[in-house]
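Trainee: Could you take me through this structure with a few questions, beginning with the chain as a whole?

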Amino acid sequence: MSPLLETQGLGYQYIPGAWALRDINLRIHAGDRLAVLGANGAGKSTLLLALAGMLHLTEGQLICEGRPVRSRQSRSYLRDKIGLLLQNPEDQLFAPTVEQDVAFGLLQRGVPNHTALDRSRAVLDRLRISHLAGRQVHQLSLGEKKRVALAGLAAVGPSLLLLDEPSAGLDHDGRCALLEVLRSLQAGGAAVVLTTHDADLAAQWASTVAILDAGRVTAQGGNQRILSDHGLLDSARLVPPSTYVAAMALRELYPPSAEWKLPATLSELDQFVRRIAQSRPSHTPQPRDERVPNAPGPLLSGEL
């Protein structure tokens, strides 16, 4: 089965001689959950713009469902397949109220007004933010704005969602809500690619991870293998997931746990610790030798 989106040797220069991206080779299939992990300045935002067909590539090519993206028609086809969420959600919120904003993209595609509103209400309900429907957009928190912008993308039903640092600026509750939204979107069949410098987020959500450093993909693969490689992450100026760090320290105390899956959440880490506690042989105190008294022994007493 052909990938939904593929890059072959993709490269991009903002100015001649200054490569923002170089030799990028990615394959994204329907239902994938890919986290592109990189430090600030690694090229993450530029990569998403390139994947969305918004940049004229310097080298290589972008292929959508087996078709090279070159002509205006092929770029239009690609953009119908993709939803892009920018770092600042306010750049993508246009209507006065939440419900109107989620329906905006549908109306732009010629969907009748009543149908667009019905579909926007269904998406808001699926993403568990229907309580925001009548709210003024300018009254929303940052986290709520991101969820509404995501709902607007989901309403038009893209095959692939590209999210630029979606967890940036969110508190714990906002982050949990974001993960819930992402799981809901992916469960609906969409492939999701997000960029982040947060390895904890990647461990909790992604099935595959690509490390982007100075515009190049230096490693890609399953999240357990990539995110447990401290040397690789350190070279890319990234911090490993906190739960992985704790679990790998515990592995040294109980080597058989090296065969277990690394925990991605605090709940999983708690289970990891409990499993070690249950697996290790209990310490049985040795019976006390009654011939050895608590007081100084006879020899010492005889010398006094």
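**The chain and its parts**

Mentor: Of the 304 residues of the protein chain, 47% count as buried, where buried means under 20% relative accessible area and exposed over 50%, with partly exposed in between (1.4 Å probe, protein chains only). The model is predicted, so local features need pLDDT of at least 70 and side-chain atom pairs count only at pLDDT 80 or more, whereas totals for chains, interfaces and linings use all residues. Residues are numbered from 1 along each chain as its sequence is written, and side-chain values use heavy atoms, with hydrogens and water left out.

Trainee: What is the radius of gyration of the protein chain?

Mentor: The chain has twelve helices and ten strands, which are DSSP runs numbered from the N terminus (helices H or I, at least four residues; strands E, at least two). The globule rule, 2.2 Å times the number of residues to the power 0.38, is set against a radius of gyration taken over C-alpha atoms. For 304 residues the rule gives 19 Å, and the chain is well over that and so more spread out than a compact globule, with a radius of gyration of 26 Å.

Trainee: Which are the edge strands of the open sheet of four strands?

Mentor: The order of the sheet is β2-β1-β4-β5, with antiparallel pairing, and two strands pair if DSSP finds at least two bridges between them. Each edge strand pairs on one side only, and the two are β2 (18-28) and β5 (67-68).

Trainee: Which residue in β4 stands opposite glutamate 6?

Mentor: Strand β1 (residues 5-15) and strand β4 (residues 59-64) run antiparallel and are joined by five bridges. Opposite glutamate 6 in this pairing stands isoleucine 63.

Trainee: Why are the buried residues of α4 on the same side of the helix?

Mentor: The buried residues of α4 (residues 113-126) are Ala116, Leu117, Ser120, Val123 and Leu124. They lie on the same side because the arc that they cover around the axis is only 125°, the arc being that of the directions from the helix axis to the C-beta atoms. An α-helix has 3.6 residues a turn, so residues three or four places apart point the same way. The answer asked for is therefore the arc of only 125°.

Trainee: Which helices do the buried residues of α4 pack against?

Mentor: On the other side of α4, His114 and Asp125 are exposed. Contact means heavy atoms within 4.5 Å, and the buried residues of α4 pack against α3 (98-108) and α5 (142-155).

Methods: The expected span of a helix is 1.5 Å times one less than its number of residues.
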